[in-house]
Amino acid sequence: VTLGQALEVTVIGSAANLLPIPGAMIVRMAALKKGGASLGAGFSTTGLLAAVWLGVSFIYSGVWAMQTVGGLVPPIVVAGGLAVLGAAAVAVHWHFRAMGVLPALLACRFGLVTLDAGRTYLAFVAMGVEASFGQSSVLTISSVLAGFVAVVPGGLGVREWILAVPAPL
């Protein structure tokens with residue numbers, strides 16, 4: 001897949017996510033199918049990427065929550081993220097036999113989650129809300145959880161609801 005093709009799929013998938021269907025997943029699977037992948041391989045790949053996104057996000061938010069909030073919940077969130085990433089690693093090894101791609105995938109997803117934290121932090125700064133980067137980082141979990149709610153166009157309202165729950169912490 002060329003960079004241009006990946007960008008095109010990402011842009012169209014983002015637009016498709018505004019529909020009350022799992023738009024981005026459908027667009028990605030169609031692109032994989034067009035590239036020669038079977039429907040099962042496309043579904044497996046898409047599911048694996050979602051699992052890595054979920055695992056990295058839980059670990060990222062949980063580690064920041066340990067620093068900013070404390071308590072028992074953040075280590076549980078980190079443990080959940082580690083479990084999901086462990087399952088993803090097993091799936092990569094068992095299904096794709098391509099463990100070499102996992103570190104690059106983790107690094108890419110970590111960068112995207114950090115970018116999301118930066119956007120959240122800058123939004124707080126723009127609104128005049130006093131929040132640290134660490135607090136903004138804890139809230140990145142809302143993006144991934146809202147992304148899993150395919151029946152709501154763009155996760156509309158879901159992300160905000162998920163943000164409202166940990167925000168007072």
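This report walks through a predicted model of a protein, from its overall fold down to a few single residues.

**The big picture**

Start with the helices, since there's nothing else to count: the protein has eight helices and zero strands. Read along the sequence, that gives the pattern α-α-α-α-α-α-α-α. The chain has 169 residues, and 29% of them count as buried. What does the outside look like? The protein exposes about 10,000 Å², and carbon and sulfur atoms supply 74% of that area.

You can also ask how far apart in sequence the touching residues are. Take the contacts between residues at least 6 apart in sequence: 54% of these join residues at least 24 apart.

**The largest nonpolar core**

In soluble globular proteins, nonpolar side chains tend to be buried together. Here, the largest nonpolar core has 13 residues, and the members that touch the most other members are L48, V52, V56, L85, A88 and L102. Helices α3 (39-68), α4 (73-96) and α5 (101-127) each supply at least two residues of this core. Which helix gives the largest share? That's α3, with six residues.

V52 is a good one to click on. Leaving aside its neighbours within four places in sequence, V52 is in contact with L85, A88, L102, L105, L106 and R109.

**Four residues to look up**

Here are four residues with their relative accessibility. Buried means under 20% and exposed means over 50%, so you can check each label yourself.

| Residue | Relative accessibility | Label |
|---|---|---|
| S57 | 2% | buried |
| S61 | 3% | buried |
| I59 | 19% | buried |
| V11 | 52% | exposed |

Let's begin with the two serines. S57 is found in helix α3, and S61 lies in helix α3 too. Why does S57 count as buried? Because its relative accessibility is 2%, and the cut-off for buried is under 20%. Not counting residues up to four places away in sequence, S57 touches V113, I141 and V144.

With the same kind of neighbours left out, S61 touches S137, V138, T140 and I141. One of those partners, V138, turns up again in a polar pairing: a polar atom of the S61 side chain lies 3.2 Å from the backbone oxygen of V138.

Now for I59, which is also found in helix α3. Its value of 19% falls under the 20% cut-off, so I59 is buried. Apart from residues up to four places away in sequence, I59 touches V78, G81, L82 and L85. L85 is also on the contact list of V52. As for P74, this residue is 15 residues from I59 along the chain, and their C-alpha atoms are separated by 8.9 Å.

**How α1 meets α2**

Two packed helices are described by the angle between their axes and the distance between the axes. Helix α1 (residues 3-16) and helix α2 (residues 23-34) pack at an angle of about 150°, with their axes 7 Å apart. The crossing of α1 past α2 is right-handed. Which residues do the meeting? On the α1 side they are V9, I12, G13 and A16, and on the α2 side G23, A24, V27, R28 and A31.

V11 has its place in helix α1 as well. Is V11 buried or exposed? At 52% relative accessibility, V11 counts as exposed. V11 and V27 are 16 residues apart along the chain, with their C-alpha atoms separated by 9.9 Å.

Notes
Residues numbered from 1 in each chain as written. Predicted model: local features only at pLDDT ≥ 70, side-chain atom pairs only at ≥ 80, totals over all residues. Heavy atoms only, no water. Helix = DSSP H or I, 4+ residues; strand = E, 2+ residues; numbered from the N terminus. Buried < 20%, exposed > 50% of the residue type's maximum accessible area, 1.4 Å probe, protein only. Contact = heavy atoms within 4.5 Å. Areas by Shrake-Rupley, 256 points an atom, 1.4 Å probe, with all protein chains shown as cover. Core = buried A, V, L, I, M, F, W, Y, C linked by side-chain atoms within 4.5 Å. Polar contact = N/O pair within 3.5 Å; in protein donor to acceptor, adjacent residues only side chain to side chain. Axes fitted to C-alpha atoms, helices over the stretch in contact; angles between N-to-C directions. Left-handed = near helix turned anticlockwise from the far one by under 90°.
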